[in-house]
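Q: Please pick a single part of this model and take me through it closely, starting with one residue. From there, I would be glad to be led on to the other parts in one connected account.

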Amino acid sequence: MKKIIALGLLSTALLATDAMAFCGFYVGGAGSDLYANATQVALMRQGTTTILSMQNRYEGPAEDFAMVIPVPVVLQQSDVKTLEDAVFAKLDVLTAPRLVEYEEDDPCAQNDWQNEGWNNASGGVFDAGASQDANSPSEPVVVEAQFKVGEYDIAILSTQNSTGLETYLTENGYSIPAGAAPYFEPYVQAGMYFFVAKVDVTKTRKVNGKTVLSPIRFAYDSQDFSLPVRLGMINSQGTQDLIVYTLGLDQRFDVSNRPNVTIPTNIEVVEAVRNTFGQFYQALFARTLKENPDAVVTEYSWMASNCDPCPGPVLDAADLLTLGADLFPGSEQDFSWVITRLHARYDKGEVGEDLVFKNASPIVGGREFVIDQTTGKLEEGSNPSDFNNFQARYIIRKPWAGPIECENPVRGVWGSSLRTDLSPNTTGSDVNLDPNRELGPDIVGNVPELGIT
């Protein structure tokens, strides 16, 4: 990337959420019924520079569609690049809620761990103007730039009113969801441009029946650290999930304009949860939001270079470069990058506010860390610390079933066998589960945050 987009050059009259846009809505051909399902976004932040990478999935007919995203400046081809989506799969695996299984060690065997706190446990070029007067100042939309990147044919548009973009896209053969103007209005008033990317779906691929687009990466410079999400609500048919991964050098982030909550963690569950872990976690997440309305949920915050337990490989230098460390030479070798996974959920018709991020203090939680050696009690919830070691971890324990033939057996030493599973569909389509689903039968012990005993 040859330059950094300088948001600082924009007028100070811009909204507080004037950061690089993401999470646009999808515009299909006439009669189509596309909607955004779950979106993943990675935000690498250092100083006032943000590198934003986003991956969108959609459901709908296999035909060309356009993605509309508000942007603060007129982008050129050198400002935009596509990425391999493998980096998002790696982020998801590394940070997703996890189910672990521990077998109790032989109570009669010598075990050096017993006194430790840890068990180691049709596509074509975008038609920029059906008319030759598209760039005329008298028209509601001006085509500021056009270029191709990967499977995207991109046009950068400007408009002076909230209906201009709708009119333009309609005239170019696209069907705009009803009631789009209120979603456009804040960005129009802020003087932002609109990035319209038409996609040839014949050049994309499908995962689990859903078209996966190549992630797009932008970079920009701004004192504000925020993420416009309002346009993503236009096409939502119901509940829509947003997963945001933030990466900062020795820095965790949460949001300043919505409540923050950490997901209940270190919960021991019954054996049957092995086969229904996805449903269990979705119910737990829904219950957490029921108890904490409108909250953004922190599901993970840990150093990018390690994990415990590790469900997959950690981020390496190549991954960090992909996500933006190439703009900070040498930082890809820095082991202090912290990944934080934030999970937000929106209901259909909810406009709300864009997400505004702030620095947050380090937290720990969700580890096999014993705080009471007598009872074997583990740490609960999230706790302040000098470093970040927090994860959503759920535990199946299998007590020793063999003979006990010694005089002084030592019980409750776990870790000789460890299995790690990932929660399926935590960013997928099964987001509309009943928040009143009974969790008690699945849980061994208490969940104080949710009042479950």
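A: Let's start at cysteine 406, which is partly exposed, with a relative accessible area of 28%. Please keep in mind that the model is predicted. Cysteine 406 is joined to cysteine 108 by a disulfide with an S to S distance of 2.1 Å. Cysteine 108 is also partly exposed, at 30% relative accessibility. The torsion about their S-S bond is -85 degrees, and the link is left-handed.

A search of the whole structure finds two disulfides. The other is formed by cysteine 307 and cysteine 310, with sulfur atoms 1.9 Å apart. Here the torsion about the S-S bond is about 125 degrees, so this disulfide is right-handed. Its two ends sit in unlike surroundings: cysteine 307 is buried at 11% relative accessible area, whereas cysteine 310 is partly exposed at 41%. Counting bonded cysteines along the chain, the pattern is 1-4, 2-3.

Now look at the backbone in that stretch of sequence. Aspartate 308 and proline 309 are joined by a cis peptide bond, with omega about 0 degrees. Proline 309 belongs to the loop between β20 (296-303) and α5 (317-322). As a reminder of the background, most peptide bonds are trans, and most residues other than glycine have a negative phi.

Two further residues are worth a look for their phi values. Aspartate 250 is not a glycine, yet has a positive phi of about 55 degrees; its place is the loop between β16 (240-249) and β17 (252-255). Asparagine 266 likewise has a positive phi, near 55 degrees, without being a glycine. Asparagine 266 sits in the loop between β18 (260-262) and β19 (267-269), and is buried, with a relative accessible area of 13%.

From the loop that holds aspartate 250, the chain leads into β17. This strand belongs to an open sheet of three strands, ordered β15-β22-β17 with antiparallel pairing. At the edges stand β15 (226-227) and β17, each with a single partner strand, so one side of each has no neighbour in the sheet. Between β17 and β22 (residues 355-360), which run antiparallel, there are four bridges. Through one pairing, arginine 252 has alanine 360 of β22 as its bridge partner.

The strand β22 spans residues 355-360, and Leu355 and Phe357 also figure in the largest nonpolar core. That core has 35 residues, and the members touching the most others are Val80, Ile154, Phe195, Leu227, Leu355 and Phe357. Take phenylalanine 195 as an example: leaving aside residues up to four places away in sequence, its contacts are Met67, Val68, Ile69, Val71, Leu75, Val80, Ile154, Ala155, Ile156, Ile216 and Phe218. Apart from this core lies another, of 25 residues, including Val261, Val273, Tyr281 and Leu284.

Tyr281 and Leu284 bring us to helix α4, where both are among the buried residues. The helix covers residues 277-291; at 1.5 Å a residue its 15 residues should span 21 Å, and the end C-alpha atoms are 21 Å apart, which agrees. Of those 15 residues, 12 are buried, so α4 is largely enclosed by the rest of the structure. The buried set also includes Gln282, Arg287 and Thr288, alongside Phe277, Phe280 and Phe285.

Finally, the charged contacts. Across the whole structure, 17 salt bridges are found. Arginine 274 takes part in two of them: one with glutamate 101, at 2.1 Å from N to O, and one with glutamate 271, where the closest N and O atoms are 2.9 Å apart. Glutamate 101 is buried at 9% relative accessible area, while glutamate 271 is partly exposed at 40%. Arginine 274 counts as partly exposed at 21%; the buried class is under 20%. Elsewhere, lysine 90 pairs with aspartate 316, their closest N and O atoms being 3.6 Å apart. In that pair, lysine 90 counts as buried at 18% relative accessibility, and aspartate 316 as partly exposed at 38%. There is also a network of salt bridges linking Glu268, Glu368, Arg393 and Arg397.

Methods: Residues numbered from 1 in each chain as written. Predicted model: local features only at pLDDT ≥ 70, side-chain atom pairs only at ≥ 80, totals over all residues. Heavy atoms only, no water. Helix = DSSP H or I, 4+ residues; strand = E, 2+ residues; numbered from the N terminus. Buried < 20%, exposed > 50% of the residue type's maximum accessible area, 1.4 Å probe, protein only. Core = buried A, V, L, I, M, F, W, Y, C linked by side-chain atoms within 4.5 Å. Contact = heavy atoms within 4.5 Å. Salt bridge = Lys/Arg side-chain N within 4 Å of Asp/Glu carboxyl O. Expected span 1.5 Å × (residues − 1). Pairing = 2+ DSSP bridges. Disulfide = S-S within 2.5 Å.
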